[in-house]
Amino acid sequence: MPSMYEIYQSHADQYDELIAHEDPDGNLRAALCELLDFEGADVIEFGAGTGRLTELYAERAGSIRCFDRSADMRRRAAVRLEAYSEKMSYELMDHAAPEASRIAAPRADIVLEGWAFGHTVFDDGGNVAASTARLVDLCKAVTRSGGSIAFIETLGTNVDRPAPPGEILNAFYQELEGHHGFEKTVVPTPYRFPDMDTALKTMGFFFGPPMAETVRARGTTEVPEFTGIWSLKV
Ligand SMILES: C[S@@+](CC[C@H](N)C(=O)[O-])C[C@H]1O[C@@H](n2cnc3c(N)ncnc32)[C@H](O)[C@@H]1O
């Protein structure tokens, strides 16, 4: 079974198969568009992946600059976002590398990321306060005065209540709220599958066999999940 990073590197199509079943009622789009005014906005998105988040606001945005380090995710995003190609650019970049702090102007009205910075805080392996500060600074450096930053991260999959899964993400979210002044919004984003076989195969491929086992044990084809949006006015 490939690791999550191997999936991002070489299995973008299967990643998309998973997220095609997520948030079927569009709760995330509704919450995002209530928190952030995308109308005509210049947007920068880190860890844009296959463009699932981008698609939620692309029609309204004025321009969109996506960053990610995976060429396979970018290939898939180009297909998904073809209708918006005239207002989009997609750059391959590691947002944890030193050169990320030298992203060229222009600044954006909205800077956001989805499920990517949490990985980076993990990769940094320990000093969560320093990793969080670096990621917040990276975003502030490219946000116009009066603009907004939003981080979208997990609050648990196949759980009954929203909670940070694990100590590192808990510390990351505490830093965002307690130290950097971000406000949290909780959004239910369940997965809905047509049958149990598809649920087990799809969830197991991305999250691993233990997740597939807990999905089987729950015994329903709707798998609850919660997502947090941490937002900040700059
Ligand atoms: C869980 S996926 C999320 C993709 C997309 N935001 C979405 O909503 O589906 C995580 C993405 O972050 C990217 N990523 C993780 N660490 C990164 C890093 N240090 N620099 C650039 N991209 C990174 C991966 O390549 C992957 O596309």
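**Ligand site and pockets**

Colleague: Before we start, what kind of model is this?
Modeller: It's a predicted model.

Colleague: OK, the ligand then. Which residues come nearest to the ligand?
Modeller: There are 19 residues around the ligand, and the ones that come nearest are Tyr-15, Gly-47, Arg-52, Asp-68 and Asp-94.

Colleague: And by class, what does that shell look like?
Modeller: The shell around the ligand has nine nonpolar, six polar and four charged residues.

Colleague: What does the side chain of Arg-52 do with the ligand?
Modeller: An N or O atom in the Arg-52 side chain is 2.7 Å from a ligand oxygen. Asp-68 also has a polar side-chain atom 2.7 Å from an oxygen atom of the ligand.

Colleague: Which atom of Gly-114 lies 2.9 Å from the ligand, backbone or side chain?
Modeller: Backbone. An N or O atom of the Gly-114 main chain sits 2.9 Å from a nitrogen atom of the ligand.

Colleague: How much of the ligand's accessible area does the protein cover?
Modeller: 98% of it; on its own the ligand has 600 Å² of accessible area.

Colleague: Switching to pockets. Which pocket is the space taken by the ligand?
Modeller: The largest pocket. Its volume is about 910 Å³. The lining has 47 residues, with Met-4, Tyr-8, Trp-115, Ala-116 and His-119 closest to the centre.

Colleague: Which element gives the largest share of that lining?
Modeller: H6, with six residues. Helix H6 covers 117-124, and the other elements that each supply at least two residues to the largest pocket are helix H1 (4-10), helix H2 (12-19), helix H4 (52-57), strand E5 (143-157) and helix H9 (196-207).

Colleague: How do the residues of the lining of the largest pocket divide?
Modeller: Into 22 nonpolar, 14 polar and eleven charged.

Colleague: What about the second largest pocket, what volume does it have?
Modeller: About 240 Å³. The second largest pocket is lined by 14 residues, and Ile-19, Glu-22, Asp-23, Arg-52 and Leu-56 lie nearest its centre. Helix H3 (27-35) and H4 are the elements giving two or more residues to that lining, and the largest share, three residues, comes from H4.

Colleague: Arg-52 again! And how many of the residues lining the second largest pocket are charged?
Modeller: Six are charged, alongside five nonpolar and three polar. As for Arg-52, this residue is among those nearest the ligand and also among those nearest the centre of the second largest pocket.

Key
Residues are numbered from 1 along each chain as its sequence is written. This is a predicted model: local features need pLDDT of at least 70, side-chain atom pairs count only at pLDDT 80 or more; totals for chains, interfaces and linings use all residues. Side-chain values use heavy atoms; hydrogens and water are left out. A residue is near a molecule or strand if one of its heavy atoms lies within 4 Å of it. A polar contact is a pair of N or O atoms within 3.5 Å; within protein, one must be able to donate a hydrogen and the other to accept it, and residues adjacent in sequence count only if both atoms are side-chain atoms. Accessible areas come from the Shrake-Rupley method with a 1.4 Å probe; for residues, only the protein chains shown count as cover. On a 1 Å grid over the protein atoms alone, a cavity is a set of points where a 1.4 Å probe fits but cannot get out, and a pocket is an open set with protein on both sides within 12 Å along at least five of seven lines; lining residues have an atom within 4 Å of a point. A molecule sits in a cavity or pocket if more than half of its atoms lie within 2 Å of its grid points. Ala, Val, Leu, Ile, Met, Phe, Trp, Tyr, Cys and Pro count as nonpolar, Asp, Glu, Lys and Arg as charged, and the others, Gly among them, as polar. Grid points are joined across faces, edges and corners, and a volume is the space filled by probe spheres set on the points. Helices (H or I, at least four residues) and strands (E, at least two) are DSSP runs, numbered from the N terminus.
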